[in-house]
Amino acid sequence: MLIQGIHHVCIKCDQSEMEKVKNFYHGVLQLPLIRTWGEGEAAGMMFDTGAGFIEVFSNAERPLPQGAIRHFALQTADVDKCVEAVRNAGYPVTMEPNDIIIQSTPPVPARIAFVNGPVGEEIEFFCEGGQ
């Protein structure tokens, strides 16, 4: 197999938003900050999700076109706890935790929720099999 998984998801923000992004991913969601680089408009940082990375650059141009990527999903064993942490930090919850059945063959039960991150990125919390 050529592809072994997702290495990282990239988020672009501007320099003034870097601390807010760091607080959300490191403080609220408790992801380890594994590396930083540069400063000012050339700054970046990377968080470890346990199954890939979230990479952040501070050189975003405005407005950011959304493009084809609609959201990214973070695997978790506790969707409700993730949503609670995000809500307590003052970020919007756009879809409350919900049990679903993905109508695949075979069907897959899951628990999901959606939130918005610090620079408008749409994040899905995903627990395959449900909680």
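This is a short talk about helix H2, the salt bridges, one buried glutamate, the cysteines and a few backbone details of this structure.

Hi everyone, thanks for coming. Before anything else, please keep in mind that the model is predicted.

Let me start with helix H2, which covers residues 79-88. Which residues of H2 are buried? They are Val-79, Cys-82, Val-83 and Val-86. These four span an arc of only 95 degrees around the axis, so they sit on the same side of H2. If you turn to the face of H2 that points away from the buried side, you find the exposed residues Lys-81 and Asn-88.

What do the buried residues of H2 pack against? Their partners are helix H1 (18-28) and three strands: S6 (93-102), S7 (108-116) and S8 (122-128).

Now the two ends of H2. At its start, Asp-78 places a side-chain oxygen within 3.3 Å of the backbone nitrogen of Asp-80. After H2 comes Gly-90, with a positive phi near 90 degrees.

Asp-80 brings me to the salt bridges. How many salt bridges are there? The count is three. In one of them, Asp-80 meets Arg-111, side chain to side chain, at 2.7 Å from N to O. That pair ties together distant parts of the chain, since Asp-80 belongs to helix H2 and Arg-111 to strand S7, 31 residues apart. As for accessibility, Arg-111 counts as buried at 14%, while Asp-80 is partly exposed at 31%.

Arg-111 also has a salt bridge with Asp-99, with an N to O distance of 3.0 Å. Here the link runs between strand S6, which holds Asp-99, and strand S7, which holds Arg-111, and the two residues are 12 apart. Asp-99 is exposed, at 54% relative accessibility. Put these together and you get a network of salt bridges linking Asp-80, Asp-99 and Arg-111.

The other pair to look at is Arg-87 with Glu-96, whose side chains form a salt bridge at 2.3 Å, N to O. Both ends are partly exposed: Arg-87 has a relative accessible area of 40%, and Glu-96 comes in at 42%.

Next, a charged residue without such a partner. Glu-121 lies in the loop between S7 and S8. Glu-121 is buried and yet has no salt bridge. Where is the nearest side chain of opposite charge to Glu-121? That is Lys-20, and it is 8.2 Å away. A salt bridge would need a side-chain nitrogen within 4 Å of a carboxyl oxygen, so the pair does not qualify.

What does the side chain of Glu-121 reach, then? It comes to 3.0 Å from the backbone nitrogen of Val-119. There is also a polar contact of 2.6 Å between the side chains of Glu-121 and Tyr-25. Leaving out residues up to four places away in sequence, Glu-121 touches Ile-11, Tyr-25, Phe-72, Val-115 and Asn-116.

On to the cysteines, for anyone wondering about disulfides. The structure has zero of them. Cys-10, for instance, is in no disulfide, and the nearest cysteine sulfur, in Cys-13, is 9.5 Å away. Cys-10 is partly exposed, with a relative accessible area of 39%. What about Cys-127, and why is its sulfur not bonded to that of Cys-82? The Cys-82 sulfur is the closest cysteine sulfur, but at 9.5 Å it is too far for a bond. Cys-127 is buried, at 8% relative accessibility. And Cys-82, you may recall, is one of the buried residues of H2.

Last, two backbone details in loops. In the loop between S6 and S7 sits Pro-106. Is the peptide bond from Thr-105 to Pro-106 cis or trans? The bond is cis, with omega near 0 degrees.

The other detail is Gln-30, in the loop between H1 and strand S2 (33-37). Gln-30 has a positive phi, near 60 degrees, although the residue is not a glycine. Gln-30 is exposed as well, at 64% relative accessibility.

If you want somewhere to begin in the viewer, try Arg-111: this buried residue is in the salt-bridge network with Asp-80 and Asp-99. From there you can go on to Glu-121, buried and without a salt bridge. Thanks, everyone!

Terms used. Residues numbered from 1 in each chain as written. Predicted model: local features only at pLDDT ≥ 70, side-chain atom pairs only at ≥ 80, totals over all residues. Heavy atoms only, no water. Buried < 20%, exposed > 50% of the residue type's maximum accessible area, 1.4 Å probe, protein only. Arc of directions from axis to C-beta. Contact = heavy atoms within 4.5 Å. Polar contact = N/O pair within 3.5 Å; in protein donor to acceptor, adjacent residues only side chain to side chain. Disulfide = S-S within 2.5 Å. Lys, Arg positive; Asp, Glu negative; His and termini not counted.
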